[in-house]
Amino acid sequence: MTIKNNMKVVSFLPAATKMIYDMGLQDYLYGVTFECPKEAAEQPKIVRCILEGKNYSSIEIDRIFSASKAQGKSLYWVDDALLESIAPDVVFTQDICEVCNIDTVCTETAVMKLTKQPTLVPLSPNNLEDVFECAVTIARALGKEEVAFSYLAGLQQKTDQILDRLRANKSPLKRVMLMEWIEPIYNCGHWIPFQIAAAGGVDMLSNPAGDSIVTPWEKILKYNPEVLVIAPCGFDQKRSLEEMPLLTSKPGWDHLAAVKNNQVYIADFDMFTQPSIGTLVEGIEALACMFHPEIFKADKNIADKFINYARLVRSPQSV
């Protein structure tokens, strides 16, 4: 692809938007989705969602998505007039999740209507290494590949330091479960099991490099995780806490090792189900603090991104 100084980029993927800003390439950006990070607050919003601004419960969101999928409809829509006025050269999109973001098929439908046809660049990582590669793909599409390598080197150094400390302390792997959804309960998939491993844990209920799936409560009781991390996709801590009675009322909740040991954590979703490599590395740092609090302490960048649920229950006024 010929690189032009006045190249216009549109991101239909919040993670791509985040990495564009992290790499200092935001001058190329002309439009984003309603879900894109705060750095892009002033950018035109091209993609919208029928769930936008609504406070549906986990159960309601699951039902809406299931019904939409059964009818062959998308949860998302594109402002065609705005996209036409921008006339982008490149559009970043994804094929990982039809709930989290608009997918490539919907994007292609919108792009087909444009007078000027942009280059579609789908970013569909399956594991953590793939997410690293996505940063290179983004920068390469803008003719700035060297910027990505510098960006990734700093992030790799952070994960290496975590691994070195785990080895130095001979820290045992913690038996972990990370929930991507509360009702119904979904395990974690794709890159998240790799994050867990990099932080000194193992999630035997997860689906590495694959989709998350509904996981029966009885299976979780039998597995009996030492550490339970609750980070539903799209939910911050406050939103997740509203749903906690759905878990704490389940039979056997109080018998889980994680509950007995006060190692149940509520975490912001964007460290896990928002696959910007910078936020995923923050997630690894946060997980290391959750799994091994005796050797890892949260710095100011992640201290507010997760909370120990037992501490919250004891002292709700402190949060």
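Three short exercises on backbone geometry and helix packing follow, each with a worked solution, for a predicted model.

**Exercise 1. Helix packing**

Classify the packing of helix H6 against helix H12, and find which residues make the contact.

Solution.
- Start with the geometry. H6 covers residues 145–168 and H12 covers residues 277–291. Their axes lie 10 Å apart, at an angle of about 10 degrees.
- Apply the cut-off. Angles under 35 degrees count as roughly parallel. H6 is therefore roughly parallel to H12.
- List the contact. H6 contributes Tyr151, Leu152, Leu155, Lys158, Thr159 and Ile162. H12 contributes Ile277, Gly278, Val281, Ile284, Glu285 and Ala288.
- Sort by class. The H6 contact with H12 holds eight nonpolar, two polar and two charged residues.

**Exercise 2. A peptide bond**

Determine which residues the cis peptide bond joins, and place Pro184 in the fold.

Solution.
- Check omega. The value is about 0 degrees for the bond between Glu183 and Pro184, a cis peptide bond.
- Locate the proline. Pro184 sits in the loop between strand E7 (174–179) and strand E8 (189–190).
- Set the context. Most peptide bonds are trans.

**Exercise 3. Positive phi**

Take His190 and Asn262: is each buried or partly exposed?

Solution.
- Read phi. His190 has a positive phi of about 50 degrees. Asn262 has a positive phi of about 55 degrees. Neither His190 nor Asn262 is a glycine.
- Recall the background. Most residues other than glycine have a negative phi.
- Place them. His190 belongs to strand E8. Asn262 falls in the loop between helix H11 (257–260) and strand E12 (264–267).
- Judge accessibility. Buried means under 20% relative accessible area. At 10%, His190 is therefore buried. At 35%, Asn262 counts as partly exposed.

Key: Residues numbered from 1 in each chain as written. Predicted model: local features only at pLDDT ≥ 70, side-chain atom pairs only at ≥ 80, totals over all residues. Heavy atoms only, no water. Axes fitted to C-alpha atoms, helices over the stretch in contact; angles between N-to-C directions. Helix = DSSP H or I, 4+ residues; strand = E, 2+ residues; numbered from the N terminus. Parallel < 35°, antiparallel > 145°, perpendicular 65-115°, else oblique. Contact = heavy atoms within 4.5 Å. Nonpolar A, V, L, I, M, F, W, Y, C, P; charged D, E, K, R; others polar. Buried < 20%, exposed > 50% of the residue type's maximum accessible area, 1.4 Å probe, protein only.
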